[in-house]
Amino acid sequence: MSVEALISVAKGEAPADLLLLHARIVNTFAGEIEEGNVAICGERIAGIGDYQLGKEVVDLEGRYLSPALIDGHVHPESSMLHLARYAEAVVPRGISAIVTDLHEIANVKGLKGIEYMLSCARLLPLDLYFMVPSCVPSTHLETSGAHLTPKDVETALGLENAIGLGEVMNFPGVLTADREVLAKIEAAKGKLVDGHAPGVGGRDLNAYIASGIHSDHESTSYEEAREKLLRGMYVMIREGSSEKNLEALLPLVTDKTYKRCLFVVDDRSCADLMEDGDIDAVVRKSIRLGLDPVRAIQLATINTADYFRLDGLGAVAPGYFANLVVVSDLASFAVEKVFYRGKLVAEKGHPLFSPSVPEDMEMTRTMHVKPFDKGALRMPARDGASLVIEIVPDQTVTKKVEARAKVEKGFIVADVEWDILKLVVVERHKATGNIGLGLVKGFSLKKGALASSIAHDSHNIVVVGTNDEDIYVAIKEVERLQGGLVISADGSVMGSLALPVAGLLSTEPLESVVTGLERLMELAARLGCQLPHPFATLSLLALPVIPELRLTDLGLVDVLAFNLVD
């Protein structure tokens, strides 16, 4: 499509390639609804008005026409879906663009993992805007599959659709002026830098922002979010699968402040994608909580596009990309049609495209575990109490507690009666042989073991279990599958879900992955587990950036002290 052709259609001299009649258009600039016809030429909107000529004509019969939604901070890997399958799930929900740092796959495969995901995105009716991950690995207290240096960050900023530096999770590094952290921020000078600063306030917040960081998605209270907004940050209001902050933060959105706010999901499980949706679910919930529907759409479209400088997205306007959503009712925001670059790509909740899943042997051979026997899982007994990671229900934080461990034949064993179980992290990237051993309370397992190769952020193998035999069986099955979720009991595998792409993603369709996950959760419940999302909880127990106590392949981590403990 040439600019000349666009101008010709806009002036009414030539027919539109696609003409949408009788639309009630959500104007995200003015925050109002206007009526008119929309003329589309190629990938872009030519004009809005009384156009009558079109090669293809669709009468919307008074339905609402909104710009397609943009998810401003999401880790698609958290869905456990290959990017092609992820697009099949979210595009019919009205999402045409996502902003992601690909942090998870980068921790496994570095720049090669990033380039693989970007190559997959080129085949999809979904724009992927890339924020270079700033923390690979997230800390020095674990073994990751890759290490992105400031030079690597500089290289990655030159990749396709790279628009800035991803969430700077190492806020202690910023506050102590760590050279490598600051060098990465400096490499992104002139581009956007996203933040990740849970609970940071006062002078520390001033220092964090002064380093060049523009946004934050970690606020959990109105007061925290307001302070960050007052100091110049864009506030990303997060409503994901585990972190739900919308209700607490929505009062921040007023006529004076809304331009500095946008909706994000951060992490969204495959089950939630199928049941409730993605950023469209956040729009609906905000409307139920009392937000004006047009304002809600602004926070998922134009505000996101403006912050990330995404030219041509976020509005229904001349020259903008024809990424559009049709709904009959704004409050319910049930998406009926989705257009991407002027083409109908989804209708009535179903994708009208069949994406290919590129094969890449390097992405599906990522389990490099140094051979070991069950004896490596034994924990020698010690005098006095042992440190235990205690799960806090419905929260990502844990508690650091002490308890007298159960001992048999000189070794610490799981104590099912008191719900103190073995926790194991096995390094799987470089065959170092590192195995972290600890104790955890909160799973309520009565028998068996649960294992996962999703273990944020370095994604080593993490296992919780009642005995070493089942723990070992589960680890070996994860290794055999080249990644996945596994449940074992009585010395054998009870169930599994293969995640062969980087040990994180399935190439199967959304419905198949959800069915497999639900079966595993049912099995876990039969073994006594009382957590609603046991694998999601398990995946976070190796994340040494969230307080208080975690376990990595290097050992127990006191997050508040930011060091390894005995």
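Q: In which helix does Ala10 lie?
A: In this predicted model, Ala10 lies in helix α1, which covers residues 3–10.

Q: Why is Ala10 called partly exposed?
A: The relative accessible area of Ala10 is 28%, and because buried requires a value under 20% and exposed a value over 50%, a residue in between is called partly exposed. Ala10 therefore belongs to that middle class.

Q: How do you know which residues Ala10 is in contact with, leaving aside its neighbours within four places in sequence?
A: A contact calls for heavy atoms within 4.5 Å, and with neighbours within four places in sequence set aside, Ala10 is in contact with Ala46 and Tyr51. Thr155 stands 145 residues from Ala10 along the chain, and the C-alpha atoms of the two are separated by 40 Å.

Q: Is Thr364 buried or exposed, and what makes it so?
A: Thr364 has a relative accessible area of 18%, and since the class of buried residues takes values under 20%, Thr364 is called buried. Thr364 sits in the loop between β17 (350–351) and β18 (379–380), where, apart from residues up to four places away in sequence, it touches Gln482, Pro500 and Val501.

Q: Why is Gly491 called partly exposed?
A: With a relative accessible area of 32%, Gly491 is neither under the 20% that buried demands nor over the 50% that exposed demands, and is therefore partly exposed. Gly491 is found in the loop that joins β27 (484–489) and β28 (492–498), and it touches Glu469, Asp470 and Val473 when residues up to four places away in sequence are not counted. Between the C-alpha atoms of Gly491 and Gly173, which are 318 residues apart along the chain, the separation is 44 Å.

Q: What makes helix α11 mostly covered?
A: Of the 10 residues in α11 (279–288), 8 are buried, that is, under 20% in relative accessible area. These buried residues are Ile279, Asp280, Ala281, Val282, Val283, Arg284, Ser286 and Ile287, and what covers them includes β6 (69–71), β7 (95–100), α9 (246–249), β13 (261–264) and α12 (293–298). After the helix comes Gly290, with a positive phi near 110°.

Q: Why do β29 and β31 stand at the edges?
A: The sheet to which they belong is an open one of 3 strands, in the order β29-β30-β31 and with antiparallel pairing. Each of β29 (549–552) and β31 (563–565) has a single partner strand, so one side of each is left without a neighbour in the sheet. On average, and with direction ignored, neighbouring strands of this sheet are turned by 45° against each other.

Q: How do you know that β30 and β31 pair?
A: Pairing needs at least two bridges, and 3 bridges join β30 (residues 555–558) to β31, the two running antiparallel, so the condition is met. One of the partnerships is that of Asp558 with Asn563 in β31.

Q: What makes β18 and β21 edge strands?
A: In the open sheet ordered β18-β22-β21, again of 3 strands and with antiparallel pairing, β18 and β21 (406–408) each pair on one side only. That β21 and β22 (411–413) count as a pair follows from the 3 bridges that join them, in antiparallel fashion, against the at least two that are needed. Lys406 stands opposite Val413 in β22.

Q: What makes 4 residues of the lining of the largest cavity polar?
A: The lining consists of Pro67, Ala68, Ile70, Ser96, Gly312, Leu313, Gly314, Ala315, Phe321 and Asn323, and this cavity, with a volume of about 50 Å³, belongs to a structure that holds 3 cavities of 30 Å³ or more. Because Gly is counted among the polar residues, Gly312 and Gly314 join Ser96 and Asn323 in that class, while 6 residues are nonpolar and no residue is charged.

Q: How do you know which element gives the most to the lining of the second largest pocket?
A: β24 gives the most, with 4 residues. This pocket has a volume of about 310 Å³, and of its 17 lining residues the closest to its centre are Met379, Arg382, Leu437, Leu556 and Asp566. Two or more residues come from each of β18, β19 (386–391), β24 (435–441) and β30, and by class the lining has 11 nonpolar, 3 polar and 3 charged residues.

Methods:
Residues are numbered from 1 along each chain as its sequence is written. This is a predicted model: local features need pLDDT of at least 70, side-chain atom pairs count only at pLDDT 80 or more; totals for chains, interfaces and linings use all residues. Side-chain values use heavy atoms; hydrogens and water are left out. Buried means under 20% relative accessible area, exposed over 50%, partly exposed in between (1.4 Å probe, protein chains only). Axes are lines fitted to C-alpha atoms, for helices over the stretch in contact, and angles run from 0 to 180 degrees between N-to-C directions. On a 1 Å grid over the protein atoms alone, a cavity is a set of points where a 1.4 Å probe fits but cannot get out, and a pocket is an open set with protein on both sides within 12 Å along at least five of seven lines; lining residues have an atom within 4 Å of a point. Grid points are joined across faces, edges and corners, and a volume is the space filled by probe spheres set on the points.
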